[in-house]
2 protein chains.
Amino acid sequence: MRRFLVLGHEAHTSPDFSLEDLPGTSGRIDVLARCAASAFLLSHGIRKDVELYLVMHGPSRPPRTIRMAGGELRHLNPDERSTASLFLKALQLESIAESVSTPGIYVSGIGFAKLLESLGGPFILLKEDGEDMRDHRVPKDAIFVLSDHLDFSEEEEKALMAHDLTVLSLGPRSLHSNQCITLVHNELDRREMET
Amino acid sequence: MRRFLVLGHEAHTSPDFSLEDLPGTSGRIDVLARCAASAFLLSHGIRKDVELYLVMHGPSRPPRTIRMAGGELRHLNPDERSTASLFLKALQLESIAESVSTPGIYVSGIGFAKLLESLGGPFILLKEDGEDMRDHRVPKDAIFVLSDHLDFSEEEEKALMAHDLTVLSLGPRSLHSNQCITLVHNELDRREMET
């Protein structure tokens, strides 16, 4: 199982945004939609061995976490709008305990620090100044942690560092989180092929 | 200069599609918008050393080619909708000779085979059964050629094979074209760092 966690610092936690203007109205749910596409989509099909946590800390009832389970997802289209409309649907549910929205899409009231605790690690933080992932063994159960368009705050980094954490780099340029997910998959795909 | 060419087999060549339903109305202009984001966007900024050719063969006045020049692009947002609206604007121009639409975005009436001839190569075709790109030297002026959600036809492959063509693979899984562009950039970024 490959696991990714993306923190959406301002991502709206109420279904109050417009699919016609995601960047302007949703706290950048479009970033999270692109992460979902990179996490799950192959050219013809869905990666079933992937779990993605989208942690949303924006208005109006933070935190909410959408968990997507590749093995249960029926359809996921590559365009941002249709993925965001799945999130819109999930955010209509208000329970704190995890409940199912559509097949493979779950939502709960857990936030970043508590989710880290509940998952336990090992966590891998992707940063330009980390060790090169190509030279580094990755535990099979690792959870790759990424931020959206905003950097992690000091407090969030502290929450991460309280756990089993490795900092890895994917290359010399600072990239968008969905691009990072694509690069992680490629490196792990190559390793699977070799074994 | 890094150059990419993406063929949109059914991509509309008239500004007749809806930004509210790109996958359903535009012949998959959404695929091309994602390719543009992968080709040009870094976490904070635009890759200036990139040129992208989006060749469109769909209705109603094929072919059209949109050329994007990273060094001249003023703004490019990461969301599909705003990129597609730039394409919508470019497709309002009808001249066969290349004309400028918005800064860094050009449009002309050239099609796939003629564009290959005009660029001349060397071309790199990305395919799962090619040699691994990681083990392969890439000429500095290479043009990476990709298809959209549809495979190249026999005729299109023939047009490619009439030129200086290398077939390379990025890994064992078949990916979306925007994901391939991200992987090519990463490999070239790493090589630039080494030199």
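Start inside: the largest cavity here has a volume of about 210 Å³. What you have open is a predicted model, and this hole is one of five cavities of 30 Å³ or more.

**Stop 1: the largest cavity**

Select A:Arg34, A:Ser38, A:Asn178, B:Arg34 and B:Asn178; of the 21 residues that line the largest cavity, these come closest to its centre. Now colour the elements that give two or more residues to the lining: H2 (29-40), H3 and H6 (177-194) in chain A, plus H2 (29-40) and H6 (177-194) in chain B. Which element gives the most to this lining? That's H2(A), with four residues. Colour the lining by residue type and you'll get seven nonpolar, nine polar and five charged residues.

**Stop 2: where the chains meet**

Zoom out and show the contact between the two chains. Chain A brings 35 residues to it, and chain B brings 35 residues too. About 3,300 Å² is buried between chain A and chain B, with carbon and sulfur atoms giving 49% of that area. On the chain B side, pick B:Arg134, B:Arg173 and B:Arg190: these lose the most area to chain A, together 19% of what that side buries.

**Stop 3: the sheet in chain A**

Hide chain B for a moment and switch to a cartoon view. Chain A has an open sheet of eight strands with mixed pairing, and you can walk across it in the order S6-S7-S5-S4-S1-S9-S8-S10. Which strands are at its edges? They are S6 (99-102) and S10 (165-169) of chain A, each paired on one side only. From one strand to the next, the twist averages 30 degrees.

Next, highlight residues 64-69 and 105-108 of chain A. These are strands S5 and S7, which run antiparallel and are joined by four bridges. For one pair to click on, try A:Thr65, whose bridge partner in S7(A) is A:Ser108.

**Stop 4: helices over that sheet**

Select residues 80-90 of chain A. This is helix H3, lying across S4 (50-56), S5, S6 and S7 of chain A at about 140 degrees to S6(A). H3 of chain A is also among the elements lining the largest cavity from Stop 1.

Then move to residues 112-119, helix H4 of chain A, which lies across S1 (2-8), S4, S5, S8 (123-132) and S9 (143-147) and runs at about 165 degrees to S1(A).

**Stop 5: two backbone details in chain A**

Follow the chain out of H4: A:Pro122 sits in the loop between H4 and S8 of chain A. Is its bond to A:Gly121 cis or trans? The peptide bond is cis, with an omega of about -5 degrees.

Now jump to A:Arg28, in the loop between H1 (22-25) and H2 of chain A. A:Arg28 isn't a glycine, yet its phi is positive, about 70 degrees.

**Stop 6: over to chain B**

Bring chain B back. Its open sheet has eight strands in the order S6-S7-S5-S4-S1-S9-S8-S10, again with mixed pairing. S6 (99-102) and S10 (165-169) of chain B each have a single partner strand, so one side of each has no neighbour in the sheet.

Look at S8 (residues 123-132) and S10(B): they pair in the parallel sense over six bridges. Click B:Phe123 and you'll find B:Leu165 of S10(B) opposite.

Finish with H6(B), which lies across S1, S4, S8 and S9 of chain B at about 170 degrees to S1(B). One last click: the bond from B:Gly121 to B:Pro122 is cis, with omega near 0 degrees.

Methods:
Residues numbered from 1 in each chain as written. Chains lettered and ligands numbered in written order. Predicted model: local features only at pLDDT ≥ 70, side-chain atom pairs only at ≥ 80, totals over all residues. Heavy atoms only, no water. Pairing = 2+ DSSP bridges. Axes fitted to C-alpha atoms, helices over the stretch in contact; angles between N-to-C directions. Contact = heavy atoms within 4.5 Å. 1 Å grid on protein atoms, 1.4 Å probe; cavity = no way out; pocket = protein on both sides within 12 Å on 5 of 7 lines; lining within 4 Å. Points joined across faces, edges and corners; volume = space filled by probe spheres on them. Nonpolar A, V, L, I, M, F, W, Y, C, P; charged D, E, K, R; others polar. Buried area = accessible area lost by both parts, 1.4 Å probe.
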